[in-house]
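Please examine the sequence and the model shown below. The explanation after them proceeds from the overall fold to individual residues.

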Amino acid sequence: MSSSPAILPISNPQSPAILSAASGGSLQSQGPVTTPAFRVFINHISESLRHGLSQRKPWAELADRTAFSKPESLSEATSRIRKNYSYFRVNYLAVVALILGFSLVSHPFSLILLVGLLSSWIFLYLFRPSDQPLVVFGRTFKDSETLILLVLLSVFVVFLTSVGSVLVSALLVGVALVCAHGAFRVPEDLFLDEQDNVSPGFLSFFSSAASSAAAAAVPVAART
């Protein structure tokens with residue numbers, strides 16, 4: 001009796017092109033919120049905010065009434081503002097941010113417009129995958145066209161609605177309050193370190209956060 005020939009196992013591995021297409025499809029399916037660049041950007045901003053707020057001075061020292069006196073000249077007032085800002089930088093920026101936030105909350109329509117504008121920049125341009133063009137009503141927009149539309153939208157929201165006036169008014173009130181406090185607060189009792197005078201400031205995390213986000217986006221772009 002003749003035996004049947006042995007059946008050899010046959011493997012059908014996927015080709016590298018299919019694997020790359022599958023991995024590329026999974027990357028393309030990621031939204032802007034799940035991209036590594038967006039996560040790095042958010043994490044870096046939160047860490048920078050926590051680090052900056054940890055450097056704030058005691059509020060009791062900021063509001064010490066015994067340290068206030070009228071400046072004798074404009075030059076003395078300017079010198080006081082410069083020294084007090086170097087020392088109370090984080091506190092001053094927190095005060096301006098609180099005034100700006102209170103002004104926006106008291107104008108909910110302006111707050112909604114501003115949040116919508118910032119969201120448009122973040123999700124439609126900054127962290128939108130380069131391989132996913134913007135499609136609106138069946139029309140595909142290039143990156144340059146998307147940028148022009150966002151710039152026009154920003155001009156409309158800031159200059160042709162109440163958003164611009166609310167922001168400018170709140171910033172002017174905050175800056176005026178900071179300058180008044182800095183001019184009347186005597187800085188002689190403050191320990192002004194040389195390192196504080198050359199510090200880049202509380203809002204310097206924007207540039208470093210953007211660079212970190214760009215560095216995180218390079219591997220993703222290379223894989224796609």
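The paragraphs that follow describe the fold, two of its helices, a group of aromatic rings and several contacts between separate parts of the chain.

The coordinates are those of a predicted model. The protein contains 10 helices and two strands, and their order along the sequence is α-α-α-α-α-α-β-β-α-α-α-α. Of its 224 residues, 27% count as buried. The protein exposes about 14900 Å², of which carbon and sulfur atoms supply 69%. When contacts between residues at least 6 apart in sequence are considered, 82% of them join residues at least 24 apart.

The UniProt record, an unreviewed entry, lists residues 87–105, 111–127, 147–178 and 198–222 under "transmembrane region". Two of these segments may be compared with the model. Over residues 87–105, the chain is 95% helix and 0% strand, with its end C-alpha atoms 29 Å apart. Over residues 111–127, the corresponding values are 94% helix and 0% strand, and the end C-alpha atoms are 22 Å apart.

Helix H8 is a suitable place to begin a closer reading. Helix H8 spans residues 162–184. With 23 residues, H8 reaches 33 Å from its first C-alpha to its last, close to the 33 Å expected at 1.5 Å a residue. Its buried residues are Val 163, Gly 164, Val 166, Leu 167, Ala 170, Gly 174, Val 178, His 181, Gly 182 and Ala 183. An α-helix has 3.6 residues a turn, so residues three or four places apart point the same way. The buried residues of H8 pack against five helices: H3 (59–62), H4 (74–87), H5, H6 (108–126) and H7 (143–159).

Two residues of H8 illustrate its surroundings. Ser 162 belongs to this helix and is partly exposed, because its relative accessible area is 30%. Apart from neighbours within four places in sequence, Ser 162 is in contact with Phe 109 and Ser 110. The C-alpha atoms of Ser 162 and Leu 111 are separated by 9.8 Å, although the two residues are 51 residues apart along the chain. Phe 109 itself lies in helix H6 and counts as exposed because its relative accessibility is 54%. A further C-alpha separation, 9.7 Å, is found between Phe 109 and Thr 161, which are 52 residues apart along the chain.

His 181 is also part of H8. With a relative accessible area of 15%, His 181 falls under the 20% limit and is therefore buried. Not counting residues up to four places away in sequence, His 181 touches Leu 62, Phe 68, Asn 84 and Tyr 92.

Tyr 92 leads to helix H5, where it is one of the buried residues, together with Arg 89, Val 90, Asn 91, Val 95, Val 96, Ser 103 and Leu 104. Helix H5 (residues 89–105) has 17 residues and reaches 24 Å between its first and last C-alpha atoms, close to the 24 Å expected at 1.5 Å a residue.

How many aromatic pairs does the structure hold? There are three. In one of them, Tyr 87 and Phe 88 are arranged edge-to-face, at 4.8 Å centre to centre and with 90° between the planes. In another, the ring centres of Phe 88 and Tyr 92 are 6.0 Å apart and the planes meet at 50°, so this pair is tilted. Tyr 87, Phe 88 and Tyr 92 form one aromatic cluster.

Are the residues of this cluster buried or exposed? Tyr 87 and Phe 88 are both buried, the latter with a relative accessible area of 0%. Tyr 92 counts as buried because its relative accessibility is 4%. The ring of Tyr 87 also has a charged partner: the charged end of Lys 57 sits over this ring, 4.7 Å from its centre.

The final example concerns a loop. Glu 188 lies in the loop between H8 and helix H9 (194–197). Glu 188 is exposed because its relative accessible area is 62%. In sequence, Glu 188 and Arg 80 are 108 residues apart, while in space their C-alpha atoms are 9.2 Å apart.

Methods
Residues are numbered from 1 along each chain as its sequence is written. This is a predicted model: local features need pLDDT of at least 70, side-chain atom pairs count only at pLDDT 80 or more; totals for chains, interfaces and linings use all residues. Side-chain values use heavy atoms; hydrogens and water are left out. Helices (H or I, at least four residues) and strands (E, at least two) are DSSP runs, numbered from the N terminus. Buried means under 20% relative accessible area, exposed over 50%, partly exposed in between (1.4 Å probe, protein chains only). Contact means heavy atoms within 4.5 Å. The expected span of a helix is 1.5 Å times one less than its number of residues. Rings of Phe, Tyr and Trp (its six-membered ring) pair if their centres lie within 6.5 Å; planes under 30 degrees apart count as stacked, over 60 as edge-to-face and the rest as tilted. A charge sits over a ring if NZ of Lys or CZ of Arg is within 6 Å of the ring centre and within 35 degrees of the ring normal. UniProt positions are given in the numbering used here, feature names are shortened, and annotations may be inferred rather than shown by experiment. Accessible areas come from the Shrake-Rupley method with a 1.4 Å probe; for residues, only the protein chains shown count as cover.
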